Amino acid sequence: MGQKRYDFGLVGLGVMGRNFILNVADKGFSAFGHDLDGNKVASLLEEGGNTDKINASTDSKTFLESLSCPRKLMLLVPAGKAVDAVIEGLLPYLDQGDIIIDGGNSFYKDTDRRESYLKSKGIHFFGAGVSGGAKGARCGPSIMPGGSKEAYQEVKPIFEAVAANFNGEPCVAYLGPKSAGNYVKMVHNGIEYGLMQLTSEIYDILKKAGNYSNPELQRLFDSWNHGRLQSFLVEITADILKQKDDKTEGYLVDMILDKAKQKGTGKWTSQNAMELGIPIPTIDVAVSMRELSALKDERLQAHSIYPKKEFEKIDKEALGKWAEEALYFGFILTYAQGFHQLTEASKAYGYDLNMPTVAKIWRAGCIIRAGLLADIANAFDKNKSTTHLVLNEDFAAKIKPTLPAVRHLVAFAVNNGIPLPGLNNALTYFDGFTTNRLPLNLIQAQRDYFGSHTYERTDMGGIFHTDWEI
């Protein structure tokens, strides 16, 4: 009897990796796991070892000799040097035609570098962003693969089986060459930053200005989740707001320190947008607010110097209505900025991304899943020339009715010293984008004045310079 060969291999048996490999086995494929930590190997074998579909080892050679050819192995390890170290450790045991899939949040330029390096050795490599957290990995994530189309065909049956499902369609699709998959996941995470920031702001103004209790907030967010704001983040916000604290008599959310951490993917999205010359201010400020939140000691000191006044009285029901409309507007503008970045990056990097496909694979399984994504997919499908959702007729009809409420809420917040940077930036972006003449003519004049940088005119073509010092 020959050695059993497994369909799929996975390196990195943390919570995400263990759950993903169990998902693979549940869907009828045999899977072999690998981790240098013997406890993690033992944990996988304990949870799924009663079936011949799962095995695992701490030994790299045993791991790779157990996979069917061409070997299809996925890495779920921390982004950065760990990915390169794992690849180098596996290379001596790999054969030409084998396939390595990076399922982590790797920087897209690292993916391009690794693909080129491994291609020279006859090894296929592609990045496949995975979204949905630990639960998604176990029950069905959204998967964003890009790279070698030939290699993807080998793993397509497995990925389509384990991915989340929306109306009979798997939330996975080949996205494009090179680092297309990791790039789409990066922008996904940037959008996630923006949506989370907006949700926290709406929670804050309702609590502070509207005196909403946690049970009232919970009911409000839950009702929104059954309407046009249906989304994973609104859903879990409602769940969070009803969680009691086991150490006090209050609610857990009130006991959590207001310092948000980050892993860098939101920052990458902002940095790359600046490289492309694409404005994504809602995402940018979401990154900045996490950094500002870290200045807790300074914020406490500043609060004592600049104490907040009492809030103006406001009708609670009206505030709740404004909040729902404002959050809906903010969500649309955040998705619009993210898809605009994807559209421009696709042209700049040769990804040839299909925007309806991107929207469709985000409809279930991932952190930014929302009812809006079906509308976004339909909008791009219906009008192939759509480059920006704000310009789309269907989305214009959604945006216009929300604007009075957004302006009322932002004005109220400014007058009362309640920070709404995400929403404020979304509105400023919208106002700037829909303005036919911005004051940047003065900036061009200033640049030409002090630096002879030249300018263009509105009434004739050409490049001009003026000797301003009269």
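A residue is called partly exposed when its relative accessible area falls between the limit for buried, under 20%, and the limit for exposed, over 50%. Lys109, with a relative accessible area of 41%, is therefore partly exposed. The structure described here is a predicted model, and Lys109 offers a convenient way into its charged pairs.

The side chain of Lys109 meets that of Glu275 in a salt bridge, with an N to O distance of 3.7 Å. This pair links distant parts of the chain, as Glu275 belongs to helix 11 and Lys109 to helix 5 (residues 108-119), 166 residues apart. Glu275 has a relative accessible area of 53% and is therefore exposed. In general, side chains of opposite charge can pair when their charged atoms come close. Across the whole structure, a search finds 27 salt bridges. Some of these belong to a network, in which Asp84, Asp102, Asp110, Arg113 and Arg114 are linked.

Two further pairs are worth a look. Asp258 and Lys296 are joined by a salt bridge of 2.7 Å, N to O. Here too the pair links distant parts of the chain: Asp258 sits in the loop between helix 10 and helix 11, while Lys296 is in helix 13, 38 residues apart. Asp258 is partly exposed at a relative accessible area of 37%, and Lys296 is partly exposed at 21%. In the other pair, the closest N and O atoms of Lys360 and Asp381 are 3.2 Å apart, forming a salt bridge. This contact connects distant parts of the chain, with Lys360 in helix 15 (residues 355-361) and Asp381 in helix 16 (residues 372-382), 21 residues apart. Lys360 counts as partly exposed at 26% relative accessibility, as does Asp381 at 28%.

Asp258 also leads to the pockets. The largest pocket holds about 1,900 Å³ of space. Its lining comprises 44 residues, and those nearest the centre are Ser200, Tyr203, Asp204, Asp258 and Lys259. Helix 8 gives the largest share of this lining, 11 residues; helix 8, helix 10, helix 12 (281-293) and helix 13 (296-305) each contribute at least two. By class, the lining residues of the largest pocket are 24 nonpolar, eight polar and 12 charged.

The second largest pocket has a volume of about 800 Å³. It is lined by 27 residues, with Met16, Asn105, Lys185, Asn189 and Lys263 the closest to its centre. Again helix 8 provides the largest share, here five residues, and at least two come from each of helix 1 (15-26), strand 6 (124-131), helix 8 and helix 11. This lining contains 10 nonpolar, 12 polar and five charged residues.

Asn105, Lys185 and Asn189 reappear around the largest cavity, whose lining also includes Ser106, Asn182, Met186, Thr265 and Trp268. The volume of this cavity is about 30 Å³, and the count of cavities of 30 Å³ or more comes to one. Helix 8 (180-209) supplies four residues, the largest share of the lining, and helix 11 supplies at least two. The lining of the largest cavity has two nonpolar, five polar and one charged residues.

On the surface, Leu252, Met255 and Ile256 make a nonpolar patch of about 290 Å². Ile256 lies in the loop between helix 10 (232-240) and helix 11 (265-276). Its relative accessibility is 53%, so Ile256 counts as exposed.

Terms used:
Residues numbered from 1 in each chain as written. Predicted model: local features only at pLDDT ≥ 70, side-chain atom pairs only at ≥ 80, totals over all residues. Heavy atoms only, no water. Patch = residues over 30% accessible without salt bridge, like charges linked within 9 Å, V, L, I, M, F, W, Y side chains within 5 Å. Areas by Shrake-Rupley, 256 points an atom, 1.4 Å probe, with all protein chains shown as cover. Salt bridge = Lys/Arg side-chain N within 4 Å of Asp/Glu carboxyl O. Buried < 20%, exposed > 50% of the residue type's maximum accessible area, 1.4 Å probe, protein only. 1 Å grid on protein atoms, 1.4 Å probe; cavity = no way out; pocket = protein on both sides within 12 Å on 5 of 7 lines; lining within 4 Å. Points joined across faces, edges and corners; volume = space filled by probe spheres on them. Nonpolar A, V, L, I, M, F, W, Y, C, P; charged D, E, K, R; others polar.
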